[in-house]
Amino acid sequence: MSTVSQLKQSLESLSQASKRTANALGQFEQQFNQQSQSVQSIMQGSSQSKDKEVLAALQQASSAVRKATADLSNAARITGQYGQSI
C-alpha cells in the first residue's frame, strides 16, 4: 500500500472516530446538563461558598464538554475533507 493510500485510510479512520466521539460527547452533554440543572435548581439562592464552587465547576465542565464536542466535529470535518482530496 502506498504512503498516500495509508494516509488517506488513516485520515478517514480518524475522521470517523472523531465523529463517533463527538456524537457520544453530545449525548453525554445533554445528560450532564439535565442533571446539572437539577442540582442548580436545588442550590439556587444558596450563599455557601461550597455550593457556589460546585455550581461554578458544573458550568466550567459543561463549557469544556461543549468545546470538546465542537473541536472533535471540526477535526472530523477537516480530516475527512483532506482525506477525500488526496
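Where does Thr3 lie? Thr3 sits in helix H1, and the views below start from the whole chain and then zoom in.

**View 1. The whole protein, a predicted model with helices and no strands**. What you see is a predicted model, in which local features need pLDDT of at least 70 and side-chain atom pairs count only at pLDDT 80 or more, while totals for chains, interfaces and linings use all residues. Residues are numbered from 1 along each chain as its sequence is written, and side-chain values use heavy atoms, with hydrogens and water left out. The protein has 2 helices and 0 strands; these are DSSP runs numbered from the N terminus, with helices being H or I of at least four residues and strands being E of at least two. Its C-alpha trace spans about 65 × 20 × 15 Å along the principal axes. The radius of gyration is 19 Å, whereas a compact globule of 86 residues would come out near 12 Å (taken over C-alpha atoms; the globule rule is 2.2 Å times the number of residues to the power 0.38).

**View 2. Thr3 in helix H1**. Is Thr3 buried or exposed? Thr3 counts as exposed because its relative accessible area is 63% (buried means under 20%, exposed over 50% and partly exposed in between, using a 1.4 Å probe and protein chains only). Now look along to Gln30: Thr3 and Gln30 are 27 residues apart in sequence and 40 Å apart in space, C-alpha to C-alpha.

**View 3. Helix H2 from end to end**. Helix H2 covers residues 49-85, which is 37 residues. At 1.5 Å a residue H2 should span 54 Å, and its end C-alpha atoms are indeed 54 Å apart, so the two agree (the expected span is 1.5 Å times one less than the number of residues).

**View 4. The buried residues of H2**. Among them are Asp51, Leu55, Leu58, Val65 and Thr69, and further along the list come Ala76, Thr79, Gly80 and Gly83. What do the buried residues of H2 pack against? Their partner is helix H1, residues 3-43. Over the whole protein, buried residues make up 21% of the 86.

**View 5. Ser62 and its contacts**. Ser62 belongs to helix H2 and counts as buried because its relative accessibility is 8%. Leaving aside residues up to four places away in sequence, Ser62 touches Glu29, Phe32 and Asn33 (contact means heavy atoms within 4.5 Å). Zooming back out, 80% of the protein's contacts between residues at least 6 apart in sequence join residues at least 24 apart.
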